[in-house]
Every structure is written in structure tokens, then in C-alpha cells.
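Me: I'm new to this one and would like to know what stands behind the words people use for it. Could you walk me through them?

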Amino acid sequence: MATSNETGSRFDPQSPAFLLDLKNLQVAFSGAAPAVRNVSLTVRPGETIALVGESGSGKSVTSLAVMGLLEAEGGKVEAGEILLRTKEGAVVDMRSASEKTRRTVRGRDVAMIFQEPMRSLNPVMTVGEQIAEALRKDGMNDAERVRAETVALLERVKIPDAALCAKRYPHMLSGGMRQRVMIAMALAARPSLLIADEPTTALDVTVQAEILALIRSLQEETGMGVLFITHDMGVVAEIADRVVVMRSGEVLETGEVNEIFRAPQNAYTRALLSAVPVLGDLRGEEKPRYFRLLSAETGRTVTPPAAEISTPGDALVAVRGLMKAFPARRRFWGRVTHEVCACDDVSFTIRKGETLALVGESGCGKSTTGRLLLRLLEADAGEILFEGRSIRSLEGAALREMRRSMQMIFQDPYASLDPRMTVGRAVGEPLRLFTNLTSREIDRQVAELFERVGLRADMTNRYPFEFSGGQRQRISIARALALKPRLIVADESVAALDVSIRAQIANLLMRLQSELGLSYLFISHDMGVVERISHRVAVMRAGRIVETGSRRDVFERPRHEYTKRLLAAVPVADPSRRREKRDAGAHEVVTPLRPVGSRPNVPPMVEVEPGHWVSPAA
């Protein structure tokens with residue numbers, strides 16, 4: 001085994017051996033201009049290469065070419081070589097290999113964690129059976145051993161009640177839980193090369209830290225190489241040995257990770273690094289603050305919005321004792337014996353012009369809380385007051401009218417936009433349903449909404465697939481603004497965006513809040529963005545809020561142990577401060593599963609200082 005180098009990785013930089021060797025790769029789709037041009041890179045045993053860049057830069061296309069999956073997406077490798085070394089030492093050219101050879105290599109020698117787990121998991125198979133399929137392909141045939149290893153893999157990726165989860169279908173799990181299942185599947189056969197396409201995007205920082213530690217430990221045990229595709233520069237600093245920066249299908253800059261972070265040469269690389277939120281950057285400040293960005297073309301500072309940061313007013317929404325449980329286990333005849341309590345006595349207030357950030361690990365109940373607030377799900381108990389008026393009792397026309405004041409920005413803008421409908425029609429749909437405006441008036445308002453969110457009015461006749469991820473998110477924001485709502489629930493609205501677009505969307509949300517007096521429930525696991533955008537923060541764990549207070553209270557004076565672990569696990573965009581040199585913050589997995597009718601006796605939250613509440617239960 002090679003000794004560790006200065007970045008902490010255990011690979012020999014002088015080794016001539018490779019696991020993946022890309023040479024002058026060129027990819028095009030349906031005769032269009034090449035999506036990837038002259039991309040060359042090498043991954044050696046035990047090495048981690050980070051492939052970074054904005055959405056649409058060609059990162060995922062490159063990974064699909066390596067896996068031999070481009071044809072299914074309508075793409076074609078027009079030039080270059082894709083050489084993979086198998087566990088036996090043979091070299092396979094994936095460009096010219098037969099489909100039978102590719103199927104043999106996939107999973108066993110090279111595995112991939114896909115970016116969108118819901119599209120990658122089979123909806124009619126339990127997640128346990130899908131992991132078991134990968135184990136059997138690697139030669140494990142004993143049924144009892146396969147079951148035990150399946151559960152062990154789910155436990156390694158920190159899924160609570162792993163044995164029960166193995167029997168569930170993908171739609172029964174949260175986005176973050178599905179991502180963990182995908183990671184378990186990819187690691188099942190202990191491949192020589194792992195391609196990880198945004199594997200931690202949907203994960204909270206504590207689970208992310210442990211997944212990165214798991215990948216590192218497998219590298220040390222087996223010499224596995226990793227091609228890590230990400231837009232999170234903190235994760236790049238945490239895990240990478242070398243960095244490859246892509247834009248518009250081409251490699252702009254490549255180098256050792258310390259060199260890239262210390263002295264980036266390309267203006268685009270400098271712009272990427274400038275958009276990375278630094279935790280603690282707002283220490284001592286009461287209000288949120290706009291991101292200061294650099295231009296990717298000129299390297300100069302982009303002037304932040306002129307609008308003042310919003311100052312919260314009176315209470316707009318008050319939630320008291322919200323409860324929601326889902327059936328989890330049943331007896332033979334269908335009687336429910338156990339339930340998952342997604343929301344357990346949840347209470348909070350959102351003021352006018354205020355952003356309340358709801359943070360916590362995947363599966364803790366954040367998205368359920370947002371859907372309950374908008375009555376997309378019905379609560380089992382509790383009260384939701386909008387300007388003092390209960391909305392749980394509203395029905396029919398009264399509920400329809402109330403919903404005009406409350407809108408949602410969903411996590412996946414592509415899935416929430418109808419692919420058969422132009423984006424202009426999608427944004428105008430609420431106006432057609434809720435108003436008596438003429439078609440001409442709707443078109444005018446849609447054009448104004450596009451310009452308000454930073455898009456051109458002449459884009460309204462395009463379809464969702466013609467836009468980048470950041471543009472689609474702006475379209476979703478425009479649609480949410482169509483009825484001039486008072487409250488917007490933003491559910492992981494920036495999670496899937498690259499770092500520079502994420503900062504632009506955060507600035508846009510803050511500007512719109514100031515101009516329109518909007519209130520936000522900002523659901524997120526990105527603590528860097530939360531610190532920048534929020535007035536107050538509520539920390540959620542296993543269906544309960546364990547700490548809430550102002551941004552300064554939670555980020556500068558955290559009291560609950562879970563909040564402290566969340567903040568300690570945030571990756572720092574500085575390779576010299578890697579997790580190997582500090583506590584990774586391993587934590588116990590808490591399950592929200594409980595027998596029907598039972599409820600733990602949890603003491604009420606305690607006000608430790610004005611406006612700062614903490615649960616006394618660890």
C-alpha cells in the first residue's frame with residue numbers, strides 16, 4: 001500500500017497504473033454540436049478526482065460515456081478512448097467493447113452513483129431486492145448471507161431501521177434516503193472504480209461526512225479509485241486529490257487540489273470559489289447578507305442587488321403542535337402496529353418579510369412539515385394559523401382562496417414542470433385557474449415575471465428541457481410568484497444547483513423578499529446558504545424541533561448536541577482543514593418509528609435566552 005501524500009490520500013502519484021484513462025473524449029447528441037470536447041483525465045488506484053463545473057458543463061455526460069450508457073440517452077462517442085482496468089488487470093476500451101462485456105464490467109469493476117435516485121431505482125422492486133441483485137451479480141449466492149449483507153450495507157449508509165427499510169419501495173423513502181440506497185447499491189460489489197455523480201447533494205451534512213468517510217475507508221481497504229462529480233467545493237476540498245474544472249464541455253483547468261484552491265488560474269475557477277459560502281462569515285451580524293460574486297468571464301466583482309435586506313414584521317403564520325404519522329408495519333390482516341412519526345408536536349412562527357430556515361437530516365420530517373403547512377398533506381393534529389385564521393378547517397372555495405397566499409417551490413424543478421407544456425404556459429397556469437384575466441393580460445404578466453427572476457421574456461415559448469437547472473429553478477420561482485403570495489415554502493430549492501447558480505438564486509430570493517414583502521419557510525440541509533439567507537433557524541431531528549432561535553443564536557451559540565454536530569460536520573472549502581485532522585462527528589441514527597398509540601414523554605422546550613429555545617432531551 002502506498003503511503004499517504006500531503007492531502008491525506010493513500011495513492012502513489014508516480015504509479016503508472018490507471019483504473020480509468022480518458023483520452024480526447026468527444027461526445028455529441030443527435031448530430032448537434034459536441035457536448036464534450038477533447039476531455040482527458042486519468043484515475044489511479046486509491047485516487048479521487050473531483051470533476052467540477054456548472055450544470056450543463058458536460059460532467060454527467062462524461063460519466064455516462066465511461067459507463068457505456070450514452071446510447072440510452074441519445075448520445076454518441078465521436079472520438080477518443082475510454083480505457084478501464086478490471087480487477088484482473090485486463091484493460092477494456094468501453095467505446096469499442098460489446099454490450100455483453102460492458103454489462104460484465106458494470107457494477108463489478110466500475111459502479112456509478114446516479115444523481116437522480118428516483119429515476120435510477122426500479123419502482124416495482126423493494127430497495128433491499130435491488131441491493132441484493134448487485135450482491136448476487138458479484139457472486140454471492142447464499143440467500144441468508146445476501147439478506148444480512150443487504151441490511152449491513154443500509155446500516156453503513158446510516159439508514160434507520162435498515163431491516164424494515166429493505167422491504168420498502170423507492171417511493172416510500174425521502175429523497176435523501178433514496179440517495180443513500182443508491183450509494184449502498186454502488187458499493188455492494190466493492191468496485192475498482194466508483195463514479196459518484198453528485199452523491200451527497202440530497203444528504204444532510206452529518207450523513208454526508210460519514211458517507212465521505214465510508215468512501216475513504218473503502219479506498220484504503222481496496223485501493224478503489226473515485227471519479228467524484230460535484231458542485232460542492234467544500235466536498236472537493238474534503239475528498240479530492242486532483243481537480244478537473246469543466247465548462248461548456250471543455251476542461252478549463254486541472255491540478256492538485258491544494259494548487260486549485262490556493263492559486264486558481266482560470267477566471268471561471270475563481271468565480272466558482274468566490275460563490276462558496278464560508279460558515280461563520282456572518283459572525284456578529286443580525287441580518288442575512290447578499291452573496292458577493294465574481295464574473296466567470298472577467299473575474300471582476302458582480303454588484304449585489306441594491307434592495308435592502310428585509311426586516312421582519314408581525315406574525316404571518318403560527319404553527320402549534322403539528323402531528324403527522326404514516327403507517328409502517330401491519331399485522332397479517334392489515335392492522336397497523338407501528339408508525340413513523342414524521343411530525344411530532346412541531347411548533348413555530350413565521351413573521352411577515354421573514355425567512356425561517358428548517359434544517360435537519362434527510363428523513364427527519366422537513367418536507368412533510370412544508371406540505372402540511374400548505375395542506376398538501378392533512379395533519380393528524382395541531383393548529384395552523386394564517387394571520388390568526390385557522391386554515392385546517394377551511395374547505396372548498398375558502399381553502400382555494402387561501403392557497404393563493406401560499407405557494408411552494410419544489411426541490412426538483414424538472415419534475416415539477418410539465419415537459420409537454422411551454423414554460424410560459426406553466427408560469428401562467430395559476431393565473432388562468434385563479435383569475436379572470438384575458439390571454440393577453442396573462443402573457444404580459446408572465447413576461448414581467450420572467451424578467452423579475454432574471455430571464456428574458458422571449459424564453460416563454462421554450463420547453464423545460466431547453467433550460468439549465470438554474471434557469472428551471474428561476475422558472476419555478478416565477479410560477480410561485482404568479483398569484484402574489486404572502487408565504488413561499490422553498491423545499492430544497494437550491495440543493496441541486498451548482499455553487500455559483502445557488503448563490504445567484506439565494507440573492508434573487510432575498511431581493512424578491514425585500515421588494516414584495518414575502519415570507520419564506522426555507523427547507524434546506526445546506527448550512528452555508530442557510531446562514532446567508534435566514535433570519536431565524538429551526539433545527540429538526542426525527543420529527544421534532546430540537547432547537548430554534550435567531551440565525552446568530554443557532555450558528556454562534558448552539559446549545560443542542562445535534563445542532564453542534566450539524567455545524568461541526570459542514571465541509572470547509574480549504575484542503576488544509578480536512579476531516580482527517582478533525583472530528584468527523586459520527587452520530588447515532590435516531591428512528592421516528594414507534595408502536596401505534598405510544599408517545600415518548602419528551603419535556604417541553606426551554607427558553608435559554610430571549611427567543612432561543614432548546615429541547616432538553618438529547
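Me: Thanks. In which loop does K158 lie?

Reply: K158 lies in the loop between α5 (143-156) and α6 (162-165). Those labels come from DSSP runs, numbered from the N terminus: a helix is a run of H or I with at least four residues, and a strand is a run of E with at least two. Before we go on, this is a predicted model, where local features need pLDDT of at least 70 and side-chain atom pairs count only at pLDDT 80 or more, while totals for chains, interfaces and linings use all residues. Residues are numbered from 1 along each chain as its sequence is written, and side-chain values use heavy atoms, with hydrogens and water left out.

Me: Why is K158 called partly exposed?

Reply: Buried means under 20% relative accessible area and exposed means over 50%, with partly exposed in between (1.4 Å probe, protein chains only). K158 has a relative accessible area of 23%, so it goes in the partly exposed class. K158 also has a positive phi of about 65° although it is not a glycine.

Me: What makes E387 partly exposed?

Reply: The relative accessible area of E387 is 41%, so partly exposed is the right word. E387 sits in the loop between β16 (381-386) and β17 (389-390). Its phi is positive too, near 50°, in a residue other than glycine.

Me: Why is E354 called buried?

Reply: E354 has a relative accessible area of 0%, so it counts as buried. You'll find E354 in the loop between β14 (336-351) and β15 (355-360).

Me: What makes the link between the side chains of E354 and R536 a polar contact?

Reply: A polar contact is a pair of N or O atoms within 3.5 Å; within protein, one must be able to donate a hydrogen and the other to accept it, and residues adjacent in sequence count only if both atoms are side-chain atoms. The side chains of E354 and R536 come to 2.8 Å, so their distance fits that limit. Plain contact is a separate term and asks for heavy atoms within 4.5 Å. Leaving aside neighbours within four places in sequence, the contacts of E354 include P312, Q513, Y520 and H535.

Me: How do you know that L322 is buried?

Reply: L322 has 1% relative accessibility, so buried is what we call it. It lies in strand β13 (residues 315-330). Not counting residues up to four places away in sequence, L322 touches several others, among them C343, V346, L372 and I384.

Me: What makes helix α1 largely enclosed?

Reply: Eight of the nine residues of α1 (residues 59-67) are buried, so the rest of the structure largely encloses this helix. Among the buried ones are K59, V61, L64 and M67. Just after α1, G68 takes a positive phi of about 70°.

Me: And why is strand β8 called largely enclosed?

Reply: Five of the five residues of β8 (residues 225-229) are buried, so that strand is largely enclosed by the rest of the structure. Both of its faces are covered, with G225, L227 and I229 buried on one side and V226 and F228 buried on the other.

Me: How do you know that β8 pairs with β3?

Reply: Two strands pair if DSSP finds at least two bridges between them. β3 and β8 have four bridges, in the parallel sense, so they pass. One bridge joins T48 to V226 in β8. β7 and β8 also run parallel, joined by five bridges, and A196 stands opposite F228 in β8.

Me: What makes β6 and β10 edge strands?

Reply: They belong to an open sheet of six strands in the order β6-β7-β8-β3-β9-β10, with mixed pairing. β6 (110-113) and β10 (250-256) each pair on one side only, and that earns them the name. From one strand to the next, the twist averages 15°; axes here are lines fitted to C-alpha atoms, for helices over the stretch in contact, and angles run from 0 to 180 degrees between N-to-C directions.

Me: How do you know that the charged end of R85 sits over the ring of F18?

Reply: That wording needs NZ of Lys or CZ of Arg within 6 Å of the ring centre and within 35 degrees of the ring normal. The charged end of R85 is 4.5 Å from the centre of the F18 ring, so the distance fits. The charged end of R400 likewise sits over the ring of F434, 4.6 Å from its centre.
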